[in-house]
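Work through the exercises below with the model open. Try each task before reading its solution.

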Amino acid sequence: MDSFASSIVTSILAKVGTSAYQHIISAWGIEDEMRKLRNTLEEIQAVLNDAEERQVKDEEQELRIWLRRFKDVLHNVEDVLDDFEIQDLQTKMLVDRGTTLNKVRNFFSSSNSLAFRFKTSQKIEKIWERLDEIKTSKDRLKLSKAPKKETGIQRARETHSYVDAPAVTGRDDDKENIIQSLLQPDDHDRSYNNVSVISIVGLGGLGKTTLAKLVCNDERVRKHFDLNMWVCVSEEFDVITMTKEILKSTKAGLLGYDESNFQKWQEELRHALKDKKFLLVLDDVWNDNPRKWEELNQLLIGRRGSKILVTTRSQKVVKAMKSQVKYELGSLSHDDCLSLFLRWAYIEGQKERHQTLVEIGNEIVKKCKGNPLAAKTLGSLLSLTTNEKDWQNIRDNEIWELEQKEDDIMPVLKLSYNRMPPYLRSCFAYCAVFPKDFKFNSVDLIQLWCFFEDVEEYVFVYTFKMHDLMHDLALSVAQKEFLTVDFRTNIIPESVRHLSLFNSNLFQQKLKKPSQKKLRKTLRTILCPLAVLGSICESDVGSFIMGCKYLWLLDLSSSSFEELPSSIGRLKHLRYFSLSGNHRIRRLPNSVCQLQKLQALGLVGCRKLERLPKGVRNLISLRFLEFTTNEELLPNEEIGCLDSLQVLSISGCQYLRFLFEDMKQLTALRTLSITDCNWLRRLPCSVNDLTALENLIISNCADLDLKGKENANPNQDEKVCSLRSITITKMTTFMALPQWLQRSANTLSCIIIEDCPNFKTLPEWLNNVKSLQKLQIKRCPQFPYVSELSKLEMGLVPKVYVDDFKLEPSEG
């Protein structure tokens with residue numbers, strides 16, 4: 001976690017160096033304090049590189065303590081800087097929103113200013129005391145100012161690995177062996193009903209999940225079974241959760257079922273499996289309790305020949321499940337591992353051109369010991385450079401000399417982590433706050449890094465998972481600052497700054513301890529979807545959360561409490577707040593709008609929310625807003641005043657007839673999504689003023705007229721638009737693309753139209769859109785694709801899809 005210290009220092013120095021913060025420094029007369037702070041941080045920053053290198057090589061306890069203390073002080077510095085910035089934002093809000101002169105004067109009264117200045121001065125004085133102590137102890141540690149060794153590897157792109165995923169290497173025989181086990185009839189006695197179990201067991205990173213996917217996608221397997229199901233099994237195994245996940249994988253649904261009606265789930269699962277020969281894949285299994293498996297297997301009754309395919313690292317799991325077939329997955333051969341490494345390093349096919357790199361790579365692969373994940377990780381790391389010195393640095397890195405077990409892949413992954421820039425290390429470690437097998441969403445985690453897998457693309461959103469060994473690595477580098485509370489957690493250490501609870505039974509149980517007083521002063525993150533029940537105002541949970549005054553992120557999505565206390569307005573440092581999926585809350589306190597630092601507010605799926613809180617216009621830092629409300633008309637001079645807003649998503653507003661008219665102030669809006677608003681009649685005329693808009697998504701809005709204000713001359717009195725993609729789905733009245741889209745003829749690159757039964761024609765002007773890269777039309781039965789697509793110069797549109805077929809340019 002030492003690298004986080006350097007990234008925090010860099011962030012602090014960058015902030016205080018901006019012209020905006022220089023204005024704040026001058027306004028409050030703290031130039032001397034900031035100059036002293038910069039000098040001190042720069043002095044300590046000079047030795048942080050040496051501290052990083054030394055911590056990788058050994059386990060110096062004193063060094064770790066020093067780094068932890070320094071990081072604690074840095075967080076205090078951030079809080080103080082935040083306080084000054086919040087005061088400045090409040091000033092800006094009052095002035096920009098035309099607040100009465102008396103209120104402005106009262107806010108800036110001498111008593112208010114003096115009280116804030118006195119309180120902040122006390123905090124700064126304590127920071128100096130601690131920084132002086134850290135500077136003194138720094139000398140005792142004999143840290144040098146030697147610069148960190150550069151690798152020359154610049155991570156200019158993080159998503160290359162998933163552009164063209166490489167074929168699986170060296171697993172053909174394994175695949176065939178597993179398939180034959182699945183297809184052969186069951187002639188032996190079985191203790192588990194009429195379902196036999198086949199286990200793929202092996203070390204982490206060998207590709208057990210990949211092999212299972214290869215097997216399941218084979219045409220012979222798909223035809224052999226009536227029903228194919230896939231469930232990723234969490235470490236915290238329970239029969240209720242497993243029943244729910246298996247039922248979901250049958251595509252039978254769970255729609256409309258009471259979350260507490262386990263009996264109903266059991267009945268539906270039995271019904272879904274009855275008289276079917278099924279294949280159930282249970283991926284990444286850790287539970288080795290035979291009794292729990294016996295409970296689950298009583299529900300898994302299908303036709304003779306049904307199979308369960310398990311992937312696991314544990315021999316105990318194989319025994320507990322009484323597997324009829326145990327398949328031990330071994331390491332790749334050296335040649336296969338080298339081929340995989342070179343493919344991910346983008347050297348395969350260029351061996352003659354890069355002979356020296358191939359020789360170095362051969363030595364690196366020997367250290368991977370046949371583990372495909374290790375080969376892919378290091379190959380991906382080196383794919384950004386052909387500099388021989390960079391490759392030699394990986395081969396000769398001191399981390400290989402650390403004592404490790406024969407089957408330990410972690411040093412390989414840690415080597416890749418060490419090569420990340422500091423800001424990416426912080427982001428990577430943050431993933432430790434989510435549980436294993438958590439499905440990430442690109443709206444929440446914008447950057448797709450190469451250590452994510454199972455990428456699935458939806459209309460404009462990606463979901464992806466992290467390999468379980470990568471999650472182990474995130475936990476190891478996160479040390480004691482990140483904690484996901486589970487049934488094994490006995491106490492929440494005071495060192496934790498980022499906390500997640502994904503089980504509704506754990507929240508009150510773990511947070512009632514009196515020792516958590518300090519924890520409330522240090523927590524930056526609380527993730528607890530599904531974890532808060534009942535009335536938050538009356539609960540220990542609510543009082544605990546509202547006492548965490550330095551929170552940056554609060555996720556209460558899918559919770560079921562009925563109200564929020566007005567004290568939420570005191571969480572002035574909050575950047576992210578989500579209540580999405582809460583089906584009970586009716587109103588939000590207006591004090592939410594006092595959170596001037598808030599950048600993301602999630603209220604989508606709050607189907608009983610009567611209205612948005614008054615004063616939304618005061619959330620002047622808001623960049624992302626998604627909501628569901630029962631209002632018929634969104635008021636003017638509220639959302640339309642958010643000139644920092646970049647993403648606006650309006651969803652499930654069943655009574656909404658009109659949007660606000662004052663959209664022209666949304667000068668930063670890049671994405672507008674309107675979905676499931678069946679009474680919405682039209683888009684406001686001011687939508688034409690959204691010149692920064694890049695993505696427009698319209699879905700399932702039955703009465704919405706997209707034509708808007710059409711001009712005979714599209715260039716007359718119209719501003720040039722920067723729209724890049726438009727997605728229109730589930731629109732029954734939609735027949736043709738609106739004329740106003742022609743204003744984006746120089747920027748439009750993607751058009752997606754799906755499930756529009758009356759869509760019939762493409763406009764003639766579309767042939768002039770030279771920037772168009774993708775045209776996708778699916779499930780539009782009235783669309784005569786042969787005659788319509790002949791209008792286009794197909795050679796200029798690289799990707800054209802009609803239903804499930806990709807049309808090549810020659811077919812135009």
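**Exercise 1: the open sheet**

Strand 3 (residues 278-285) and strand 4 (residues 306-312) pair in the parallel sense over five bridges. Strands pair if DSSP finds at least two bridges between them. Helices (H or I, at least four residues) and strands (E, at least two) are DSSP runs, numbered from the N terminus. This is a predicted model, in which local features need pLDDT of at least 70 and side-chain atom pairs count only at pLDDT 80 or more, while totals for chains, interfaces and linings use all residues. Residues are numbered from 1 along each chain as its sequence is written, and side-chain values use heavy atoms, with hydrogens and water left out.

Task: find the bridge partner of Val285 in strand 4, then give the strand order of the open sheet and its edge strands.

Solution.
- Step 1. Val285 has Thr312 as its bridge partner in strand 4.
- Step 2. Five strands make up the open sheet, in the order 2-3-4-1-5, with parallel pairing.
- Step 3. Strand 2 (227-232) and strand 5 (325-328) are the edges, each pairing on one side only.
- Step 4. On average, neighbouring strands of this sheet are turned by 15 degrees against each other, direction ignored. Axes are lines fitted to C-alpha atoms, for helices over the stretch in contact; angles run from 0 to 180 degrees between N-to-C directions.

**Exercise 2: helices on the sheet**

Task: state which strands helix 8 touches and which strands helix 10 touches.

Solution.
- Step 1. Helix 8 (residues 208-217) packs on the sheet and touches strand 1 (195-201), strand 2, strand 3 and strand 4. Its direction makes about 155 degrees with that of strand 4.
- Step 2. Helix 10 also packs on the sheet, touching strand 2 and strand 3. Its direction makes about 140 degrees with that of strand 2.
- Contact here means heavy atoms within 4.5 Å.

**Exercise 3: classify three helix pairs**

Two packed helices are described by the angle between their axes and the distance between the axes. Use these classes: under 35 degrees is roughly parallel, over 145 roughly antiparallel, 65 to 115 roughly perpendicular, and the rest oblique.

Task: how is helix 7 oriented to helix 8, helix 10 to helix 12, and helix 14 to helix 16?

Solution.
- Step 1. Helix 7 (residues 172-183) and helix 8 pack at about 55 degrees, with axes 10 Å apart. Helix 7 is therefore oblique to helix 8. Asp174, Lys175, Ile178, Ile179 and Leu182 of helix 7 meet Leu211, Leu214 and Val215 of helix 8. By class, that contact has six nonpolar, no polar and two charged residues. Ala, Val, Leu, Ile, Met, Phe, Trp, Tyr, Cys and Pro count as nonpolar, Asp, Glu, Lys and Arg as charged, and the others, Gly among them, as polar.
- Step 2. The axes of helix 10 (residues 239-249) and helix 12 (residues 290-297) come within 10 Å and cross at roughly 40 degrees. These two helices are therefore oblique to each other. Val239, Met242, Thr243 and Ile246 of helix 10 meet Lys292, Glu295 and Leu296 of helix 12. The contact of helix 10 with helix 12 holds four nonpolar, one polar and two charged residues.
- Step 3. For helix 14 (residues 334-344) and helix 16 (residues 372-382), the axes come within 7 Å and cross at roughly 30 degrees. Helix 14 is therefore roughly parallel to helix 16.
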